[in-house]
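Reader: I would love a close look at one part of this model, with its surroundings filled in as you go. Could you walk me through it?

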Amino acid sequence: MISLLTPTHWKDYELIDCGDFEKLERFGNLVLSRPEPQAVWKKTLSEQEWKKQINIRFKGRSATSGEWIKSAAHLPDRWNVEYKNDDVSINLRLGLTSFKHVGVFPEQAVNWDYISSSIKKFKTRSPKVLNLFAYTGAASLIAKAAGADTTHVDSIKQVVNWANENQELSKLKDVRWVVEDALKFVKRELKRGKKYNGIILDPPAFGHGPNGEKWKLEDHIQEMMQDVVQLLDEEEHFLILNTYSLGFSSVIVENLIKTSFPQVKNLETGELYLQATSGIKLPLGVFGKFNTFK
């Protein structure tokens, strides 16, 4: 069975509506309008209803960059939100970047819940968790808050610094920060004989390492998966693979996991989406995840 999952604990986030290649979202007290390539249908709410609610909108200049236009000069460039589930809570600093992102992918809250609940079920004391392509660190902080010894790997120093800000905001400490190409880091950990109880993979469709290494999802994901599963602790573990690529389906993710890790147990695959209060669903990636407990 393919699962369709959406966040259920996000009081500080709301997808209000989406359509016509845009989405209308509330982060804390601010309502933002930004481009959304998946929203190929018509908006549910009228243009007037959108305009009435928007505090800040993103205007694209090219396919990869643009500018934010505020409805009032006093509106901030940076602000904080909280995420809380049954196990943990974290705080995240958001910001208006020139790439239309704000520092968090809200649909990933589904995976955060899986991370914290898996760690809480582990018998292993201070389980080790590795977060690859870790961005601004929400999943790393969830793992840390749940009691894991956490390693955070991303190739971009600025976002690792941002993740460290989020650690301080969340009143956490001792996440291990690594600025490195994820594939190179995994291969080094294999040579060192390292093992992890939890591994989180959220690779981009395209990317670059700190030394210009090129990442293309379909070219490198099989090699990455075959290496990563060798890092898993045999007795007690979880793994999450999340992909945001228009060409990937949950069946592809299922096949990747099963061929890389034939002994997999408790495998769940499916699609993440955000439920808009206007009634429409916005699909935002596919996932595969599994766990084993003592």
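Which residues are buried in α3?

Author: Happy to. Please keep in mind that this is a predicted model. In α3, the buried residues are A138, A139, S140, L141, I142, A143 and K144. That makes α3 a mostly covered helix, with 7 of its 8 residues buried. After α3 comes G147, which has a positive phi near 110 degrees.

From here it is natural to turn to α4, because the buried residues of α4 pack against α3 (138–145), and also against β8 (89–95), β10 (149–154) and β11 (176–179). Let us start with the helix itself. Helix α4 covers residues 157–169, and at 1.5 Å a residue its 13 residues should span 18 Å; the end C-alpha atoms lie 19 Å apart, so the two values agree. Its buried residues are V159, V160, W162, A163, N166 and Q167. Because these cover an arc of only 155 degrees around the axis, they sit on the same side of α4. The other side of the helix has a different character: K157, Q158 and E168 are exposed there. Just after α4, K171 has a positive phi of about 55 degrees.

Two of the strands that α4 packs against, β10 and β11, lead us on to the sheet. Both belong to an open sheet of 8 strands with mixed pairing, in the order β1-β16-β17-β15-β12-β9-β10-β11. Its edge strands are β1 (2–5) and β11, each of which pairs on one side only. On average, neighbouring strands in this sheet are turned by 20 degrees against each other, direction ignored.

At the β1 edge, the partner strand is β16 (residues 268–275), and the two pair in the parallel sense over 4 bridges. One of the residues involved is I2, whose bridge partner in β16 is T269.

Two further helices complete the picture. Helix α7 (residues 250–260) packs on the sheet, where it touches β1, β15, β16 and β17, and its direction makes about 20 degrees with that of β17. Helix α2 (residues 109–121) lies across β1, β9 (128–132), β12 (198–201), β15 (237–243), β16 and β17 (281–292), and runs at about 175 degrees to β15.

So, to come back to your part: α3 has 7 of its 8 residues buried, and α3 is among the elements that the buried residues of α4 pack against.

Methods
Residues are numbered from 1 along each chain as its sequence is written. This is a predicted model: local features need pLDDT of at least 70, side-chain atom pairs count only at pLDDT 80 or more; totals for chains, interfaces and linings use all residues. Side-chain values use heavy atoms; hydrogens and water are left out. The expected span of a helix is 1.5 Å times one less than its number of residues. Buried means under 20% relative accessible area, exposed over 50%, partly exposed in between (1.4 Å probe, protein chains only). The arc is that of the directions from the helix axis to the C-beta atoms. Contact means heavy atoms within 4.5 Å. Two strands pair if DSSP finds at least two bridges between them. Axes are lines fitted to C-alpha atoms, for helices over the stretch in contact, and angles run from 0 to 180 degrees between N-to-C directions.
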